Amino acid sequence: MKRCFFLLSIVASTYCFAQQKFQPKGSTILQTVDGDLDGDKIPEKVIIYNTKDTGELGEVREIQILKKINNQWTILEKSTNAILDSESGGIMGDPYSGTSIEKGILIINHFGGSSWKWAYTDKYRYQNGHFELIGHTSSSGRPGDYIKEVDFNLSTGQINFRNDVDNTKEYGPSQKETYIKKGIKINLQNRNDKSVKIILPKTKEEIFI
């Protein structure tokens, strides 16, 4: 029992040292997540910070992915572009709704709005030396009027779009479309540098990634 407690204390102190070493000055921790992200069966540590820096819409967030190499923590990747600022959710406030790791995929969720709501999920895979966006799903609209949903597989290029309309008198009939758009490269570093606009040829719907 004492040996187990000793080992746990070593692990905890090692992690705390790594956290203090890389934590941005003046920041606070929003969330931490453990999981294998590079396929070596050794968990990485993902830490999301609320920094002291101010962006266009509140405090800037930073995500860090730490990897242990030769018993030393190092930053595998970090970015201030993948997570929205603290006041980007409109009336609903903070848009950040959590990060998780599932089957080696890094998943980041956001939502916001008021009576008109929006939400999106980004999925990243570690490949080609960094975390690339491989999947993006989003929804937007207002119940009773319409709800638009987008499912974009960036690996295959397939976009599935649907618009379920309740208020057809004002917004027309429901629509859906499948379209292939290959070659879009987005990663943790450039995620929100600028939005990517795609115009679907059939519905003429504008999709922003």
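Q: Over how many bridges do β1 and β2 pair in the antiparallel sense?
A: This is a predicted model, in which local features need pLDDT of at least 70 and side-chain atom pairs count only at pLDDT 80 or more, while totals for chains, interfaces and linings use all residues. Residues are numbered from 1 along each chain as its sequence is written, and side-chain values use heavy atoms, without hydrogens and water. Strands are DSSP runs of E, at least two residues long, numbered from the N terminus, and two of them pair if DSSP finds at least two bridges between them. Glycine 35 has its bridge partner, glutamate 44, in β2, and the antiparallel pairing of β1 with β2 runs over seven bridges.

Q: Which strands are the edge strands of the open sheet?
A: Four strands make up this open sheet, and their pairing is antiparallel. Their order is β1-β2-β3-β4. Pairing on one side only is what marks the edge strands, residues 28–35 and residues 72–79, and these are β1 and β4.

Q: Through how many residues does the hairpin join β2 to β3?
A: Strand β2 covers residues 44–55 and strand β3 covers residues 58–69, and the two pair in the antiparallel sense over eight bridges. Within β3, isoleucine 63 is the residue opposite isoleucine 48, and glutamate 59 is the residue opposite threonine 54. The hairpin that connects β2 with β3 does so through two residues.

Q: Which residues have the most contacts inside the largest nonpolar core?
A: A nonpolar core is a set of buried Ala, Val, Leu, Ile, Met, Phe, Trp, Tyr and Cys residues joined through side-chain atoms within 4.5 Å, where buried means under 20% relative accessible area (1.4 Å probe, protein chains only). The strands that each supply at least two residues of the largest core are β2, β3, β5 (96–102), β6 (105–113), β8 (130–142), β9 (146–153) and β10 (158–165). This core has 27 residues, and those with the most contacts inside it are Val46, Ile63, Leu106 and Leu188.

Q: Which leucines does isoleucine 63 touch?
A: Touching here means heavy atoms within 4.5 Å, and residues up to four places away in sequence are not counted for isoleucine 63. Among the residues that isoleucine 63 touches are Val46, Ile47, Ile48, Glu77, Lys78, Ser79, Ala82, Ile83 and Ile108. The leucines that isoleucine 63 touches are Leu106 and Leu188.

Q: How many residues does the second, separate core have?
A: Besides the largest nonpolar core, with its 27 residues, there is a second core that is separate. Its members include Ile47, Tyr49, Leu66 and Trp73, and the number of residues in this second core is five.

How values were computed. Buried means under 20% relative accessible area, exposed over 50%, partly exposed in between (1.4 Å probe, protein chains only).
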